[in-house]
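Trainee: Got a minute to go through this one with me? I'd like to start with how the elements are named.

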Amino acid sequence: MPEAKKPAAKTDKAAAAPADSEGSECRDELPDDETVPGGQSELTGLFVERPESTTVIKGKNITFVAKVDSSDLLRKPNMKWLKGKWLDLGSKAGKHVQFKEAYDRNSKVYTYEMSIIKVVEGDAGGYRCEVTSKDKCDSCTFEVTVEAVQEEQPANILDAFKRSGDAGEDAGDLDFSALLKKREKKARDEPKEDVDVWEILKDAKPCDYEKIAFDYGITDLRGLLKRLKKMKKVEPKKSDAFLKKLEQCYSVDKGKRTQMHVELHDPNVQVKWLKNGVEIKPSAKYVFECVGNKRTLTINKSNLSDDAAYECVVGEEKSFTEVFVKEPPVTITKLLDDVHVVVGEKVEFECEVSEEGANVKWMKDGVELTKDGKYRIKKDGKKHTLVINEATIEDIGMYYVYTNGGESKGELEVEAKELEVLQSIADLSVKACEQAMFKCEVSDEKVVGKWFKDGVEVKPGNRIKMSHIGRIHKLTIDDVKPQDDGNYTFVPEGYALSLSAKLNFIEIKIEYVPRQDPPKIHLDTSSTGSKNTIVVVAGNKLRLDVEITGEPVPTVCWMKGDTVISEAEGRVRVETRATLSSFVIEGAERPDEGQYSIIVTNPAGEDRAELNVKIVDVPNPPENVRCMGVGEDTATITWDPPKFDGGAPIKGYLMERKKQGSSRWTKLNFEVFESTTYEAKKMIEGVFYEMRVFAVNGIGISQPSGNSKPFMPIAPTSEPTRLTVEDVTDSTCALKWRPPERVGAGGVDGYIIEWCKEGEDNWVEANKEPVDKNTYRVKGLPTGEKLLFRVVAMNIAGRSPPCTMKQSVIIREIMEYPKIRLPRQLRTKFIRKVGEKINLVIPFQGKPRPVVNWLKDGEPLENKSVGIRTSDFDTILFIRSAERDHSGTYTLSVQIDNMQDKADIHIQIVDKPGPPINVMVTDVWGFNAALEWKPPKDTGNTDIIGYTIQKADKKTQGWFTVYEHNRRPSCTASDLVMGNEYSFRVFSENICGLSDEVAFSKNTAIIGKTDLEYNKPAFKEKDMSSSPKFTAPLVDRVVVAGYSTAISCAVRAYPKAKIVWMKNKMIIGEDPKFLMQNNQGVLTLNIRKPGQFDGGKYSCKAINDLGEDEVECRLEVRVLKEKKEGDEEKK
C-alpha cells in the first residue's frame, strides 16, 4: 500500500559522517534478534543535531547535516553513513554522493555533511548515521522519500498554442495537442474493510497483478511487488549435489580475507571454483579446503579485482554468488589551518589523510591547482602539503583539499609589507656650484624607487646621479644651478609611501667676519647604563648621534684605538653634518667591541670624548655532552658550559633527545635548567638515544651542542633462580641454577659465583671472568667447612641482585658405590657387519671416580684398532672399521677400593658366507632332478639362513632361479624340458646377503624321452646363411610430447646382422635419451619423453657380410593445447 508522506525536514540538511573508520557499530534501534556488535560500546547522546526524515523531488539536490559534541571525547569521533542494513555509503563517494566535515574549536563541535546530487528513485529508503569514539557510540535513523516531478497546467490557454519548427512565431503548423482534455481519474471506492487485498494477490496470477491493483486503488506497484515477495514463501528447489549452497553475496573490506562455504551430499565428489566463468587454480591467494562434505574457498588479501561473480560447480549443478570488495574512503584526519603571511613569505597548507599514498585534489576558486613554478605539492606518507614559494596579494583566498571521503578548507591572508623609514631626506640649502645630496634609508634592501622633482621624474645625467647601495638611496646633484631649486620626492615601488624635501638655492653675498669658539662635544650616554658604555646586541644597528659646537666648524675624527674610522660608505662608518656627527655600525659583530674615541678640533682648540662599545650575543653551544650513567628508563647526562657566554650571564640550559637514526628531537624541559647535570626520564629500555643541549642567556638561545655518543637505558637483570648443589668433593662443589626471570634488553653477559663461610659476611669470588653456562664447579674450597654460595647475573648495566643458597654445604667427599648403567641394546648380542663403525657409550656412576678396566675374552684389551676413552661419568669403546677378529666378549669393570661392578658385552662381526661345497645332481626322473650339496666352510661368522638355486640349459646358457631361501642343503628341480640338458649353481645366504662366489654342479641332468626310440637320420648340415631382410617394417607414429614411446621392427639374417639406427640420416650414437634393444631379431628403439625436436624420419639398417636392408618411418610429436595454455599462464 502507498505510505503516507512524511513531513519535510525543517532544513534541507541532515546528519552525515565520513565512512572512513572501522569502529564498532552501534544503533539507536535494534531488532529483537540483534545486539550491539562487540558488546563493549555504550549508547550515549553524542549528537547535538540529528537528521530528520524528509521528502525530496526527483532530480533535486539534498544535503544532510549532523553535529557531534566532542567536549567529553579524548579523540576525534569516527562517523559512518549506512543505507539500509549494511551498505556503507563511504564506498560510494563521488559525484552522486559527497561528504564534508568541519570543526569549531570554540564550541568543540564536529559538523558532518552528506549531499545527494540529483536525487533518483533508487535513493529512497532508510538511512542510518553512526558515531563512535572508543567506548562511546550513538546512532540515528531517518527516511528519504522521492516524489516524481508534477507537471503544471499553463495558466493562459493561449500558452498552449505552439507551432512546429524553430523559425519563429509565424513558422510551422499550429499544434493543438495541448488543448486536448485530459481524462480525469475516476475516484474509486476504497476496498471494504472485510476484503483482504493481499490474500487476493497471493492466489492471483502475476499477469493479473496490475488489474487488481487498479481495481483497489494501489498505485505503488513496486512496493506491492516487494511486499508480496516477502509474503510468499518460496520453497527452494532441492539440489541433488548441494546440502547447502553459497550465500547470495559476500561483502569484504579491501585487504581482508573472505571465505565461501558449500556442503555436499557426496563427500568424495570433486568441485570446481569459477571466477567470472574462468576456473580458479589453487595458489597463495586462493586456498581450497576440503573437510568431510564441506568445501571452502578462501580469498586472502582481497583487492578490487576480486569483486566478481563466483560459482561452485559439482557435475552439472552450480551454485552462484557475488563478492563485493569495499574500498574504505579516504578521509581527512588533520584539517587545514588558516595561514596569515606577509608578501614574499613562504606559505604551506598541510593536511593528513587516513591512508598512505591516497590521491588528493587542491583547489582555489573552483580551479584545480597543479605543480608549476608557483605551486608545489608534496606527499609524505599520510601527510600532503601545498607550498606557495612567495606569497603575493593575488594569492589571498580560500584553499580547498578534497578526497573521495571528505574535504577541508583553509584561508590565506597576505598582508603587504610595511616599509620602515630609518632616515628620511632632509631639506637642503646650497649655493651656486656646490653639490646637493638627498639621502634616505629604508628597512628593506630589495626595495627600489624613483626620484621626482616637482612631480616630474628625475632622469640621471652628467650632473645628476642616483645610487642604491643596500638600504640607502641617494640623489646627488653637482654644480647646483638656480633651476635645480624645487621639491624633491623619493617614492618606493610597491608601497604607498613617499619622502619629500626641498632644495633651496642661495645666492647671497655676505661679508663674513670669522668668529672663533672652542669645539665642544655634547655626548649623552646616560640611558645606556654605565658611563660612556654602549651595549649593542649582535646583528643590530648602532647609530650614535653626537652634537658638536664650535666656530669655525670643528673637524671631527672618530678612532678605535689607533685606527681612524673613515667617512667612506661601509658597515662601520661616520656621517658628519654641520653640528652633528653620527657613528654608525650596521649589523654589529663581536670584533666591533672595544674602546672608541671622538676628537674635534678647530683653530680655537680641541675636545675629546671616550666611549666603550660592548657587543652582546647568544652564547656558544655547550661542549662535551656525555652520558654518565643509565637506569631502566633513565639516563644521567652532563656537559661543560660554553666557552663564551655571549657577554651576558648564562641563565640555564635546554635539553633535547632523539632515538638513534631518527631526525625528530623531543624537548625535555621548557623551563631553563641551571645545573650542568640532568637526569632524563621516561625512556624506553633497550633503545639507543642521543642528547644535545642549548645554552640560554639574556639575549637568546645558542646553537645546539654536538650530539652525545649513543647510549642505551638499561637495567640489571633480576636475580638467578633455583640455585642447587649438583656434586660435592673434598675441595670442590658443582652448582647449577636457572637464568633470571626478567632479563631485559641488555641480556645476560655471564654469571659470577661467590662463597663464604657460614656465619660470616666475607664473600669470595670463585671466578674472575663471568661464565656463560648455568653450571659451574667451584674449586679450592676448604675441606670440612660449611659454606654458603650465591650467584649474580652480569650485563652491561652491572650486577643483578644475588641468588643465595638458603642452607650451607659441607665440603666433604660423598662415597657412592660403583654402578654400570648398561644401555638396553648392549644387553643382548651386538651384531655389526664388516667395515661398519662401532661407537659404544656406557655410563657409570661412583664416588670418588672409579677405576675403569676393559677385557676381551678374559684378557687385557691390547688391540690398537680398538679405542677406549673414559670420563668422570662414562666410557666409550670405538672401532673405526670393524673386522671379524673384533668379535668376542668384552668385559667392563669399574672399581672403587674393594667395591667393583662388571658388565659383559657380546660383539659379533659378520660377513657374507662362502659358496656351498660339492654340488651334485643325485637323481633324474621324468621332468625332475634332485640336487644335494654341503654347507660352506665359511659361514661369515653367523648362521646360514638359506640357499638360492639356479638352472641353465646347454642351449641358451641363460640362468633362471629355481628356489630362493631354501633352508635345506638339498632340493628337487621340477618342470624341466624334455630333451634338454641342465646344469645348476647354488648361492649360500646369511644376514649379510648372498655369497659373492657360487658353486656349480659337478654333473648335469639330461631329461630324456621315455619309451621312444628314435633313429636319427644322417645329419646333413643345411646352409642357413642369408642376407638381412626385415620381416616387420617400421610404422609411422604420432605421439604426445612428454610421454615415452618406442618404435620397433623385425629382421632375419645369418650370420647375425649389425643394427644401425638413424634419425634424419644421422646415426644415433650413445645418446641417453635413446635405448636400442635387440631381442632375437625384434628391434626396438625406446625414446624417453620426446619433445618437439625429436620428431622426424627414423630408419633402421641391418648389415652383414651377405648384404644389407633398411626400413624407415616418420615420427610426429604433438604438444597438447591445454599444456601450452597452462605454460602461457604460468609465464
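Mentor: Strands here are DSSP runs of E with at least two residues, numbered from the N terminus. Keep in mind that the model is predicted.

Trainee: OK, so where is F1093 placed?

Mentor: F1093 is in the loop between β88 (1082-1087) and β89 (1096-1104).

Trainee: Is F1093 buried or exposed?

Mentor: F1093 counts as exposed because its relative accessibility is 76%, and the cut-off for exposed is over 50%.

Trainee: How far is F1093 from E1116?

Mentor: Their C-alpha atoms are separated by 9.6 Å, with the two positions 23 residues apart along the chain counted as sequence separation.

Trainee: Stepping back, what is the secondary structure of the whole chain?

Mentor: The chain has four helices and 90 strands. Of its 1131 residues, 37% are buried. Among contacts between residues at least 6 apart in sequence, 62% join residues at least 24 apart.

Trainee: And the surface, how much of that belongs to carbon and sulfur?

Mentor: Carbon and sulfur atoms account for 48% of an accessible surface of about 69600 Å².

Trainee: Switching to pockets. What volume does the second largest one have?

Mentor: The second largest pocket has about 670 Å³. It is lined by 25 residues, and those closest to its centre are L428, M437, K439, T576 and R577. Two or more lining residues come from each of β32 (428-431), β33 (436-442), β37 (472-477) and β45 (572-576).

Trainee: How does that lining divide into nonpolar, polar and charged?

Mentor: Ten residues of the lining are nonpolar, six are polar and nine are charged.

Trainee: Charged residues, then. How many salt bridges are in the whole structure?

Mentor: A search finds 43. One of them joins the side chains of E575 and R573, at 3.2 Å from N to O, and both of these residues are buried.

Trainee: Which network do salt bridges with shared partners make there?

Mentor: K439, E441, R471, K541, R543, D545, R573, E575 and E586 are joined into one network. K439 also turns up among the residues closest to the centre of the second largest pocket.

Trainee: What about R543 and D545, what is their N to O distance?

Mentor: The side chains of R543 and D545 meet in a salt bridge at 3.6 Å. R543 counts as partly exposed because its relative accessibility is 30%, and D545 counts as partly exposed because its value is 42%.

Trainee: Last one: R128 and E130, buried or exposed?

Mentor: Both are buried, and their side chains form a salt bridge at 2.8 Å, N to O.

Technical notes: Residues numbered from 1 in each chain as written. Predicted model: local features only at pLDDT ≥ 70, side-chain atom pairs only at ≥ 80, totals over all residues. Heavy atoms only, no water. Buried < 20%, exposed > 50% of the residue type's maximum accessible area, 1.4 Å probe, protein only. Contact = heavy atoms within 4.5 Å. Areas by Shrake-Rupley, 256 points an atom, 1.4 Å probe, with all protein chains shown as cover. 1 Å grid on protein atoms, 1.4 Å probe; cavity = no way out; pocket = protein on both sides within 12 Å on 5 of 7 lines; lining within 4 Å. Points joined across faces, edges and corners; volume = space filled by probe spheres on them. Nonpolar A, V, L, I, M, F, W, Y, C, P; charged D, E, K, R; others polar. Salt bridge = Lys/Arg side-chain N within 4 Å of Asp/Glu carboxyl O.
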